[in-house]
Amino acid sequence: MEQPAAVPGDTGEATEKLLYYKALHDIANQIHAAKNLDEILISQRDNILTLFDADRITIYVVDSKKKEIYSRFKAGDVPKEIRLPIDSSSIAGYTALTAQITNIANAYDKAELALVNKDLTFDEHWDQQSGYQTRQILSVPIFYKKFVIGVLQLVNKKHGSRFTLEDQNSAVEMAKVLGIAFFNQTKLAKKARKKSRFDYLLSNNIITQKELQRAISLARGKGTSMEAIFIHEMKVKKADVGRSLAEYYNCRYVPFDDRFPIPTDALARLKPVYLRKNLWVPLAMKDGVLQVLIDNPQHLDKIDSIKALIPAERYEFAVGLKEDILQFLDYFYGSTTRTEEGSIDDILGKLETEVSEEPEDAADMLTEDDSTIVQLVNRIVTDGYKRNCSDIHIEPYPGKSGAEIRFRIDGYCHPYQTVPYQYKRAVVSRIKIMADLDISERRKPQDGKIKFKKFSPLDIELRVATIPTAGGEEDVVMRILAAGEPIALEKVGMSERDYGLFMEMIKKPYGIILVVGPTGSGKTTTLHSALSKINRPETKIWTAEDPVEITQRGLRQVQVQPKIGVNFAAAMRAFLRADPDVIMVGEMRDQETASTGIEASLTGHLVFSTLHTNSAPETIVRLLDMGMDPFNFSDALIGILAQRLVRTLCTECKEAYHPDREEYDALVRAYDGDFDALGFPFGDKLTLYRAKGCDRCNQSGYRGRAAIMELLSASDEIKALIQARANMDAIRKQAVAEGMTTLMQDGIRKIFLGLTDIKQVRRVCMR
């Protein structure tokens, strides 16, 4: 390193410069000679700070995969780890992006930053977090050959208003030394270290070599796996550990997923104890290909055993963490804390021994009263309830094909289990017996209910529908009706206008209020939320429901029973003789029920009911087509609330983003109304959210559902249109003119509130 000659007549200054460059030279030599760069930097940190007269120094290294820089070495009171994107949002990131020296006198002076680059900003996050005040910054790129591999950053000149040109030149010299040292250390480390399962974690600086050695010691001491140490002790993300294993073994990483279809055929004759001991589990058998999850896909003895136990045309191996494999085994075979009926595969294992060589119709041997069939059906229902399933679909296929079982969760069907063909008719017959249906009748649909408490400790009710399908089979759909408390009306998700108007409606002394939408759209939930607002000791409320799903103290609730003549119309007529103030009818299925409801509302009672229609304006036309007198109906009607359920974005992982103008304009067009009144103008601060996926939502990006609504109020103008038998478009236009927001408009409002996205809104409403 070249040193300047002494200047005559300025001996003190020359001596000072010689000492300065000697100190710089000594530090550079120590870095060059170091076997452990981090240790040398730590031992020399005070000398480095003194040399540059700086308060702090941070040396960043480029992470090219993540397009970030991360702090490798820090001197001064600096946060534990700093990661910054390589862009203009921070001074160090800007230096890495442009490969230019940046010397700032005041990091908070936006005008000074703009002179460097109009987009350059100072990341104030670290100052706010620590209470430290950053002023001067000197940021120098670290090169190896022509590539930027890091950044040397000095913070706060102790004496002076900014870092000097001499500081800058010295920092450039030190950056050259660091560039060579970083490259040499990386090269030596690669040579010295054999390929390991955790190279991905090391190369991406998720862990250090020291942390790896510590994990090895902890794993030996605790008798556990290193993967468990990384995840539970060192808080490394499970996905990162899995990716590291996948890169090492050159195969897929599969995390545990409790919605994974249970591979019944592949699990047949495999003992869970054996699989737990050897840490592998079959995941699926499809088109002759067996997919297997294993802790070590290079373990040849295990591979040979798998091929001997389960013949297949081809094998695909995926790597899994020990805890994931054990969770899959618990899930497939039933957890260690099992229910009385045991796991499905235990039950199917029992059936396997009962039927060794099946005749063409195995139902002749396996009856619906067989104890293992009873346990199997109970387990299916119990698992569906535990997974927040709304409907259980049992779908037998003709011939020697089995029965597929699917669970509907948050509006989507998910495969759960395949029941082998020899058991499928016995399973359907068992469900029909539980629902008091005719097991000998397979030619026509049947409906019934199951009070599951009679067969299991679980206190739920199921609505059962059987439908004949091809090949002499019968499909079964069971809707789970879990008893519960009403949701507060404020939490249903109404807009401010709709909530205020709906509260006015339900406080009227008489009239009819309808809640409409398809099956499973939350109509009953909304009705009970409304009833809870007016449920007072001075008010007598009767309800007729099929079935009674939500219970409230103070309501007199009646379960309709069409088989004995107690239908909705009969229940309502009985209510009128029982001194009611408010009547709630579960559904207006026919002309008789609708007429009785309108008559009840005209004789001084407040009537609530539901109807299966697509929108609030369409409901009016539908009831008039059913034969309602337009004058009586218009006099009775207070309002109609239409609703749908949309899947909501997972709050744990939803990703914020700034929409482009094209996407924004498309949402405005879809809104088809006074969009400005929503208060979401296009601008830099506008943020929407999109699905990403995490373990909590099973990588779907969605978790839970919310209601979108449109509320039509029966104003004088609407009543006049009803009396004139106006068409649906005329009624809709008038309702919108009076302030009604359509289902699509309410859905778009919830998109801008960050609850859902346009894909889910379009899935449930057309306009």
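**Entry 1: terms and overall picture**

I take helices as DSSP runs of H or I with at least four residues, numbered from the N terminus. The model in front of me is a predicted one. I began with the chain as a whole, where I counted 29 helices and 25 strands. Of its 767 residues, 48% count as buried. I then looked up the contacts with a separation of 6 or more, and 63% of these are made by residues 24 or more positions apart.

**Entry 2: helix α10 and its surroundings**

I turned next to α10, which is mostly covered, with six of its eight residues buried. I noted the buried ones as Met226, Glu227, Ala228, Ile229, Phe230 and Ile231. Against which helices do the buried residues of α10 pack? I find them against α8 (199-203), α9 and α11 (238-249). Just after α10 comes Lys235, for which I read a positive phi of about 60°.

I then followed the packing of α9 (residues 209-222) on α10 (residues 226-233), where the axes lie 8 Å apart and the angle between the helices is about 110°. Since an angle of 65 to 115 degrees counts as roughly perpendicular, I enter α9 as roughly perpendicular to α10. The contact draws on Glu211, Leu212, Ala215, Ile216, Leu218, Ala219 and Lys222 from α9, and on Met226, Ile229, Phe230 and Glu233 from α10. As for handedness, α9 passes α10 in a right-handed crossing.

I also looked up Arg214, which belongs to helix α9. Its relative accessible area is 46%, so I list Arg214 as partly exposed. Between the C-alpha atoms of Arg214 and Ile229, which are 15 residues apart along the chain, I have a separation of 9.5 Å.

**Entry 3: helices α23 and α27**

For a second helix pair I took α23 (residues 616-625) and α27 (residues 728-737), whose axes come within 8 Å and cross at roughly 140°. Are these two helices perpendicular or oblique to each other? Angles over 145 degrees would count as roughly antiparallel, and 65 to 115 as roughly perpendicular; α23 and α27 are therefore oblique to each other. On the α23 side I noted Pro617, Glu618, Ile620 and Val621 in the contact, and on the α27 side Met728, Ile731 and Arg732. The crossing in which α23 passes α27 is right-handed.

**Entry 4: aromatic rings**

I searched the whole structure for aromatic pairs and recorded 17. One of them is formed by Tyr108 and Phe122, with 5.1 Å from centre to centre and 70° between the planes, an edge-to-face arrangement. This pair links distant parts of the chain, for its members are 14 residues apart: Tyr108 sits in the loop between β4 (102-104) and α5 (110-116), and Phe122 in the loop between α5 and α6 (125-130). I checked how covered each residue is: Tyr108 is partly exposed at a relative accessible area of 31%, whereas Phe122, at 15%, counts as buried, because the limit for buried is under 20%.

Another pair is that of Phe328 and Phe332, which I enter as tilted, with 40° between the planes and 5.6 Å between the centres. Where do Phe328 and Phe332 lie? I place both in helix α15 (residues 322-333), four residues apart, about one turn of the helix. Both Phe328 and Phe332 are buried.

I also noted one aromatic cluster, made up of Tyr664, Tyr671, Phe675, Phe680, Phe682 and Phe752.

**Entry 5: charges over rings**

I looked at two places where a charged residue lies over a ring. The charged end of Arg56 sits over the ring of Tyr132, 3.4 Å from the ring centre. For Lys654, which lies over the face of Tyr689, the distance to the ring centre is 4.6 Å.

**Entry 6: positive phi in loops**

Lastly I looked up two residues other than glycine with a positive phi. Asn388 has a phi near 55°, and I place it in the loop between α17 (371-386) and β11 (391-396). Is Asn388 buried or exposed? I record a relative accessible area of 64% for Asn388, which makes it exposed.

Asp579 likewise has a positive phi, near 55°, and it lies in the loop between α21 (568-576) and β20 (582-585). With a relative accessible area of 63%, Asp579 is exposed, because the limit for exposed is over 50%.

Technical notes: Residues numbered from 1 in each chain as written. Predicted model: local features only at pLDDT ≥ 70, side-chain atom pairs only at ≥ 80, totals over all residues. Heavy atoms only, no water. Phe/Tyr/Trp six-rings, centres within 6.5 Å; stacked < 30°, edge-to-face > 60°. Buried < 20%, exposed > 50% of the residue type's maximum accessible area, 1.4 Å probe, protein only. Lys NZ or Arg CZ within 6 Å of the ring centre and 35° of its normal. Axes fitted to C-alpha atoms, helices over the stretch in contact; angles between N-to-C directions. Parallel < 35°, antiparallel > 145°, perpendicular 65-115°, else oblique. Left-handed = near helix turned anticlockwise from the far one by under 90°. Contact = heavy atoms within 4.5 Å.
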